[in-house]
Structures are given as C-alpha cells and as structure tokens.
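Trainee: I have a structure open and would like to talk it through with you. Could you take a look at it with me?

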Amino acid sequence: MQYNLKDITYSAMTAAAMNVLSYVTVPLVVAVPVPGLRNLVVAPFYGLLMALALMRIDKHGLFTLISFFTGVVLLFISPVILGFLLISGVAADLFYFLTQRGLPKRSRIIGASGLYMAVMAVVGALFGALFLGEMPLGDLFRSTPVLAAVAILCAVTGGMGAVLGIRVGSEFRRTTIMR
Amino acid sequence: MQGSAFAGVAPFLRELHPIVKLITTILIFIYALATPSPTALLLYLFLLWGFLLLAGLGGQLRGPLPYVSAAAVIVFVVGWLFGGTFPMALAAAVRFFYLFFSFTLFVGSTSPNEFLRALHQARLPWMLRVGLLITMRFIPVLKEDMTKIIQSFSLRVDKGQRRLGLMYRGMLVPFLFRMMSLSDQIAMNLQMRGFGTKRQQTRYRDVSFGSYDLFFLLANLVVMGTIRWRF
C-alpha cells in the first residue's frame, strides 16, 4: 500500500485546494472569539475534499499526509496550525484504519471526515489557548459546552461535506473522470 | 540561478539559504506572539518593513497592503468590542501585519526550485518534497481558477436563480474537475522527468549554509532580543 506519484500529486492538489478555501473563509471569522468557529466555516469543504481524496486513493495515512502538506504551507502563518492539523489527521486515520472490518466504506469515509473536523476544532482551540494565548485556559474550560457544540457542528458539517464528496466522486466514476 | 520573478530582490536576501529564511519567518511569528507590548511590536514591525523595502520587496507589499490593513482594522475593532483592552486589541491587529510581512519575506524572495533543492539536500523523502512543491505552486493557480469559475457562473446565472443545487453544479463540480485534471497532468509530467523512482537524483546546484546565513540569523535574534528587553 505504498503511495505512488499519482497519489502524491492528488494529495498535494487537495492540500492546495484546502488552503485556497481557508484563505477565502477563515478571514471572515478570524476575529470572532468563539472557540472552533474557524474550523466550522471550512468543515464542509474539507470534508468534501477529504472524501473525494479517499475515494480516489484509499490508502492508510492519507489524512495525515494531506494535513502535513496543508500545515507546512501554513507554517508561515502559524506553526501551531501544523500541530493540530497533524493530530486531527492521525485521529481520522486511526478511525479509518480501525473500522475497516466493521463498517462499510461509505460510513467510514463520512465518519473519518466528521471526526477529522471535530478533533481539529477541539485541539485547535486547546492549542490556541496553550500556545497563542487567544483565550485563558480557564475561560476555555468554562466555555466547554460552546466548544462541544461547535465540535459536534463541525463533525456534522464535515460529514455532510463528505456525503457530497462521495456523490461527486460517484458521478466522476460513472463518467470515467476518476478511476 | 533563481527565476526572473525574483530579479528585483536584493542579493542579500535572495542568496540567503531558504531554510534560514523559513526559520526567520518562524522566529518572527514567535516574537509576535511572545511580545505583549504594542511598542515593542510596532518597533520591530517598522524595522522589518524597512528591511523588506531595502530588499526590493516594496512592490510585493504594495498590492495586498490595503486589504491586510482593512483586515487588521476589523481584528482591532472586533477584539476591542468583545471585551479586550485597547493594548490587547492593538497587539492583535499588529500581529496581523507580522503574518503578512513574514509571509512576504519568504515567498517573495524564494523560488520553489531553490526551496526544493534545499529540502533535497536536507534529505527529505521525495514524496514529501514533491508534495510540498506542488501544494505551494498550485495555491495561486487554483485560486485563479476558482475566481474564473465564479465569474463565469455569475455571468451565466442571474442572482435570483442562484440556488444551492445550481451552485454545486456550476461552481463546485468544475473546480473539482479542474483539480483532478491538473493533478493527472502533473503526475504524468513528473513521471516523464524521472520523479517517483527509487534512484538517487542529482541536483542542478548546491544550496550551502554559509557564514552569512549564520550572521543573518544571529543579527535578527540580537535585534529581537534587544527590543524585547528594552520594552
């Protein structure tokens, strides 16, 4: 299950698309001090792109690889982003790997994409409080219900994006755009 | 040699090792976060601005500066309205400029080829090197494609008719299709140039770490440390 050149180029292209989408959406909410909100606005797009990548490549470690490509580019903006993207990637990959015998592929893709976004929201808020001082840790813990709600919303919207991604992927397969 | 896009950049910045530039941008980021005093933040920001102008990056700063300034004002106003103090909101807005300046320092003076060469010499696996290069190179390409797709959709469909389903068909599907076809073309081109094989690749020229790189790093640290200590 080694990655070949085609897999790498597609993963990199997905990471580039994720960056483009985050440049468009995140500045709209960057100043609003609600933990995890920045992840919520990108969740459907990230879910869609991840689902499409999984349909095309379907190899272990894909979430981590794409997160790495996305995060390294964002290193110039903040090294912290790379950290929480990698943790979310590993969590989603673990879910995708551990459920390979128990769940159908469609559910695994949707579940992993949703989990990816939920973990990103929680770890992102935690890293923001720990390393960037965006919010004192005490305040973050006091706003746990808000963070939990945002994480659930992220998971739901990420999962919905993945459903759309699967739909697009199936259409592309039918028209032989994707094999 | 670096491409003509970097011809206007002064040699003292252009010839700096790409990894040293990367470390410098990270150091600038850490300085911006670790410095609560707006005076210290503004002082280093003006020094950095001057350095970028001297290095010939003024043209690259000029275009996006009004947008960055507008975003910084929003960050300041929202930060202040949501319970932050005036110095805290000001520091947050100034940090926004730091992001932009440090990004310009690296991206405006480093060609992707030079960066790839430096990573190759640092023995990063080929798949990560190639992946990173493609990601960085194709962000502006995809951004432009997306703008064109949105423009063509706006021309064809009236505002009143724009439903979610239609937007999905008219904007999202073409963008994803473009992404896929680009990816296939690049993979084929790279394969033809011998990428993806296990054989050791040669390099066009060495990118070496010299005494100037060390001097630049230390000088930058001394300036940061002095400002931080005095204010």
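Mentor: We can go through the chains, then the cores, and then a few individual residues, bearing in mind that this is a predicted model.

Trainee: Fine, start with chain A: how many helices and strands does it have?

Mentor: Chain A has 7 helices and 0 strands, so that, read from the N terminus, its elements run α-α-α-α-α-α-α.

Trainee: And what is its radius of gyration, against what a compact globule would have?

Mentor: Chain A has a radius of gyration of 16 Å, which agrees with the value near 16 Å that a compact globule of 179 residues would have. Its C-alpha atoms fill a box of roughly 50 × 35 × 25 Å along the principal axes, and buried residues account for 58% of the 179 residues.

Trainee: What about the contacts in chain A, what share joins residues at least 24 apart?

Mentor: Taking the contacts between residues at least 6 apart in sequence, 75% join residues at least 24 apart.

Trainee: Switching to chain B, what are the helix and strand counts there?

Mentor: Chain B has 10 helices and 0 strands, and its C-alpha trace spans about 55 × 55 × 30 Å along the principal axes. Of its 231 residues, 44% are buried, while residues 24 or more positions apart account for 77% of its contacts with a separation of 6 or more.

Trainee: How much surface does each chain expose, and what part of it comes from carbon and sulfur?

Mentor: For chain A the exposed area is about 7,100 Å², with carbon and sulfur atoms supplying 71% of it, and for chain B the accessible surface is about 12,900 Å², of which 68% belongs to carbon and sulfur atoms.

Trainee: Charges next: how many positive and negative side chains are there in each chain?

Mentor: Chain A carries 13 positive and 6 negative side chains, with the centres of the two sets 10 Å apart. In chain B there are 23 positive and 8 negative side chains, and there the two centres lie 5 Å apart.

Trainee: Now the inside. Which residues have the most contacts in the largest nonpolar core?

Mentor: That core has 87 residues, and those with the most contacts inside it are A:Tyr116, B:Leu142, B:Leu176 and B:Met179. Apart from it lies another core of 35 residues, among them B:Val9, B:Leu41, B:Ala55 and B:Phe216. As a general point, nonpolar side chains tend to be buried together in soluble globular proteins.

Trainee: Take B:Leu142, then: what is it in contact with, leaving aside its neighbours within four places in sequence?

Mentor: From chain A, B:Leu142 contacts A:Met13, A:Ala16, A:Ala17 and A:Val20, and from chain B it contacts B:Phe175, B:Met179 and B:Leu182.

Trainee: You also named B:Ala55 in the other core. Where does B:Ala55 sit?

Mentor: B:Ala55 is in the loop between helix H3 (38-54) and helix H4 (58-62) of chain B. Because its relative accessibility is 0%, B:Ala55 counts as buried, the cut-off for that being under 20%. Not counting residues up to four places away in sequence, B:Ala55 touches B:Gly8, B:Val9, B:Ala10, B:Phe12 and B:Leu13.

Trainee: Which residues have a positive phi although they are not glycines?

Mentor: Two that I can point to are A:Asp58, with a phi of about 50°, and B:Arg123, with a phi of about 60°. A:Asp58 is placed in the loop between helix H2 (37-56) and helix H3 (62-73) of chain A, whereas B:Arg123 lies in the loop between helix H7 (112-121) and helix H8 (126-156) of chain B.

Trainee: Are those two buried or exposed?

Mentor: A:Asp58 is partly exposed, with a relative accessible area of 29%, and B:Arg123 is exposed, with a relative accessible area of 71%.

Trainee: Last one, B:Asp184: where is it, and what does it contact beyond its neighbours within four places in sequence?

Mentor: B:Asp184 lies in helix H9 (residues 164-192) of chain B, and it is partly exposed at a relative accessible area of 25%. Leaving aside those sequence neighbours, B:Asp184 is in contact with A:Lys6 and A:Arg56.

Methods
Residues are numbered from 1 along each chain as its sequence is written. Chains are lettered from A and ligands numbered from 1 in the order in which they are written. This is a predicted model: local features need pLDDT of at least 70, side-chain atom pairs count only at pLDDT 80 or more; totals for chains, interfaces and linings use all residues. Side-chain values use heavy atoms; hydrogens and water are left out. Helices (H or I, at least four residues) and strands (E, at least two) are DSSP runs, numbered from the N terminus. The radius of gyration is taken over C-alpha atoms; the globule rule is 2.2 Å times the number of residues to the power 0.38. Buried means under 20% relative accessible area, exposed over 50%, partly exposed in between (1.4 Å probe, protein chains only). Contact means heavy atoms within 4.5 Å. Accessible areas come from the Shrake-Rupley method with a 1.4 Å probe; for residues, only the protein chains shown count as cover. Lys and Arg count as positive and Asp and Glu as negative; His and the chain ends are not counted. The place of a charge is taken as NZ of Lys, CZ of Arg, CG of Asp or CD of Glu. A nonpolar core is a set of buried Ala, Val, Leu, Ile, Met, Phe, Trp, Tyr and Cys residues joined through side-chain atoms within 4.5 Å.
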